[in-house]
Amino acid sequence: MEHTKPESAGARLRRSLRENRLTVAPGAYDPLLARIIERVGFPAVYAGGSGISSAVYGRPDMGLTTMTEMRDVVGNIAGAVSIPVLGDIEQGFGDLINVRRTVREFEAAGLGGVHLEDESGPSKHSHGSVPIPVERMVEKISVACTARTDPDFMIFGRCDGLRSIGMRETLERSRAYVDAGADGLWVLTGNDAEPREMEEIATAFPDIPLIYCWSVRGVECKLSLDQIQSMGFSMVIAPNLMLFGLVAEAIRLLTEVREKGSMADLLDRIASVEVVNDLVGLTEAREFQASLSEPAYVDPARKQWVMSGHGPSR
C-alpha cells in the first residue's frame with residue numbers, strides 16, 4: 001500500500017500564499033492562543049520574538065532570549081495547530097554557523113518558514129537600525145536557504161534600514177536578498193511610515209511574497225486589509241494585537257475583582273468552561289478515554305474519577 005507523504009509546514013505556508021487573497025497571520029506566543037487563531041479561521045500564525053520574549057519570558061525584545069528558548073516555544077505553537085507558523089529568527093542568533101543551526105532547529109520544530117533580519121545590533125526595530133554590510137546579509141540568506149532540508153520551508157529576508165539608509169538603498173538591498181535565494185521579503189517601514197512608502201516597496205517587488213506588519217503602533221495599523229492587499233502585499237502579520245489586547249483585558253478584570261471583591265459579575269465576560277475544554281483538548285481526551293474498554297476519566301454525572309478496575313463499577 002502506498003502512503004501519501006504528508007504536506008510539510010512549508011508547503012502549507014506556500015499554498016496559503018498562493019490560494020488566499022491575503023494570508024493574515026495574527027501573532028501568538030503560546031499554543032492556546034495559536035489554537036484560538038486557527039479556530040477563528042485565520043490561515044496562519046505568526047510567532048514573533050517580541051510577543052514570546054514579553055509574555056513567556058518577561059523580557060524586552062532586545063536580543064535577550066536565546067535561540068533554544070525561542071525554538072522550544074515556537075515548536076509548541078506549531079505542534080498545537082494544523083495551519084502553518086511563521087517564526088522570527090532575528091539576526092540568526094549569531095554568525096553564519098549559528099544561522100545554519102537556527103534554520104535547521106526551527107524547521108525541525110515544525111514551522112513553515114522564518115524571517116531573518118539585517119540589523120547590526122540588539123533589536124531596535126520600532127524605527128529600524130543601521131544594517132550589517134549587504135554582502136554579509138546576502139551570505140546569511142544563502143546559508144539559511146542551503147541549511148533547510150525541505151525546499152518548501154520559506155526564508156524571508158527582512159530589511160530594517162529604511163530610516164538610516166533611505167528607500168533607494170533599502171530596495172537595492174532587498175533585491176540582493178531575493179537574488180541570494182530569499183523566498184519573500186519584509187521591508188520594515190517603522191512606526192512613522194507613510195502609505196506612499198509602502199506602495200513604493202510593493203511596486204518594486206510585484207512577484208515576491210511581501211510581509212506587511214500590521215502593528216498596533218504607528219501608521220501601519222491604520223490601513224485596512226483591503227487597502228494592504230490592493231497595494232500588492234501577500235501576507236499580513238499582526239505581531240502584538242493579542243498581547244496588547246489580553247494585557248488590557250487582564251488589567252480590567254483583575255482591577256474589577258480587587259475593587260468589588262467578587263467575580264460574579266464577570267462570568268458572562270469570560271470564556272465558558274466548554275469552550276476552554278475544547279480548545280485545550282480536554283473534550284477530545286475525555287471522549288477518547290470513554291471509548292476504551294476500561295476508561296480512566298472523570299465521570300461528569302458522578303463528578304468522580306473512574307480509574308480502570310479500581311473505581312466503582314459503571
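This talk walks through one predicted model, from its overall make-up to a helix pair, its salt bridges, its cysteines and a few loop residues.

Before the details, a word on the basis: this is a predicted model, in which local features need pLDDT of at least 70 and side-chain atom pairs count only at pLDDT 80 or more, while totals for chains, interfaces and linings use all residues. Residues are numbered from 1 along each chain as its sequence is written, and side-chain values use heavy atoms, with hydrogens and water left out.

Let me start with the whole protein. It has 12 helices and 10 strands, where helices (H or I, at least four residues) and strands (E, at least two) are DSSP runs numbered from the N terminus. Of the 314 residues, 45% count as buried; buried here means under 20% relative accessible area, exposed means over 50%, and partly exposed lies in between, with a 1.4 Å probe and protein chains only. If we take the contacts with a separation of 6 or more, contact meaning heavy atoms within 4.5 Å, then residues 24 or more positions apart account for 67% of them.

Now to one helix pair. Two packed helices are described by the angle between their axes and the distance between the axes. For helix 5, residues 96-108, and helix 6, residues 134-147, the axes come within 8 Å and cross at roughly 35°; the axes are lines fitted to C-alpha atoms, for helices over the stretch in contact, and angles run from 0 to 180 degrees between N-to-C directions. The crossing of helix 5 with helix 6 is right-handed, the near helix being turned clockwise from the far one by less than a right angle, where anticlockwise would make it left-handed. Which residues make the contact? From helix 5 they are L96, V99, R100, V103 and R104, and from helix 6 they are R136, E139, K140, V143, A144 and A147. Sorted by class, that contact has six nonpolar, no polar and five charged residues, given that Ala, Val, Leu, Ile, Met, Phe, Trp, Tyr, Cys and Pro count as nonpolar, Asp, Glu, Lys and Arg as charged, and the others, Gly among them, as polar.

Two of these contact residues bring us to salt bridges. A salt bridge is taken as a side-chain nitrogen of Lys or Arg within 4 Å of a carboxyl oxygen of Asp or Glu, and by this rule the count comes to 24. Within helix 6, R136 and E139 lie three residues apart, about one turn of the helix, and their side chains meet in a salt bridge at 3.1 Å, N to O. Both ends are partly exposed, R136 at 32% relative accessibility and E139 at 37%.

A second salt bridge joins R59 and E69 at 2.7 Å, N to O. Because R59 lies in the loop between helix 3 (49-55) and helix 4 (67-80) and E69 in helix 4, this pair ties together parts that are 10 residues apart in sequence. R59 is partly exposed, with a relative accessible area of 25%.

Further along the chain, D265 forms a salt bridge with K260, their closest N and O atoms being 3.8 Å apart, and both of these residues are exposed. They also belong to a network of salt bridges that links E249, R252, E256, K260, D265 and R269.

What about the cysteines? A search of the whole structure finds zero disulfides, a disulfide being a pair of cysteine sulfur atoms within 2.5 Å. The sulfur of C213 is 9.8 Å from the closest cysteine sulfur, in C221, which is too far for a bond. C213 is buried, at 8% relative accessible area, and C159 is buried as well, at 1%.

I will finish with the loops. F153 sits in the loop between helix 6 and strand 5 (154-159) and is buried, at 1% relative accessibility. Leaving aside residues up to four places away in sequence, F153 touches several others, including V103, F106, R148 and D183; D183 is 30 residues away in sequence and 9.0 Å away in space, C-alpha to C-alpha.

The loop between strand 3 (85-88) and helix 5 holds D95, which is partly exposed at 41% relative accessible area. D95 and R136 are 41 residues apart in sequence and 9.8 Å apart in space, C-alpha to C-alpha. E90 is found in the loop between strand 3 and helix 5, with a phi near 50°, a positive value in a residue other than glycine, and E90 is buried at 6% relative accessibility.
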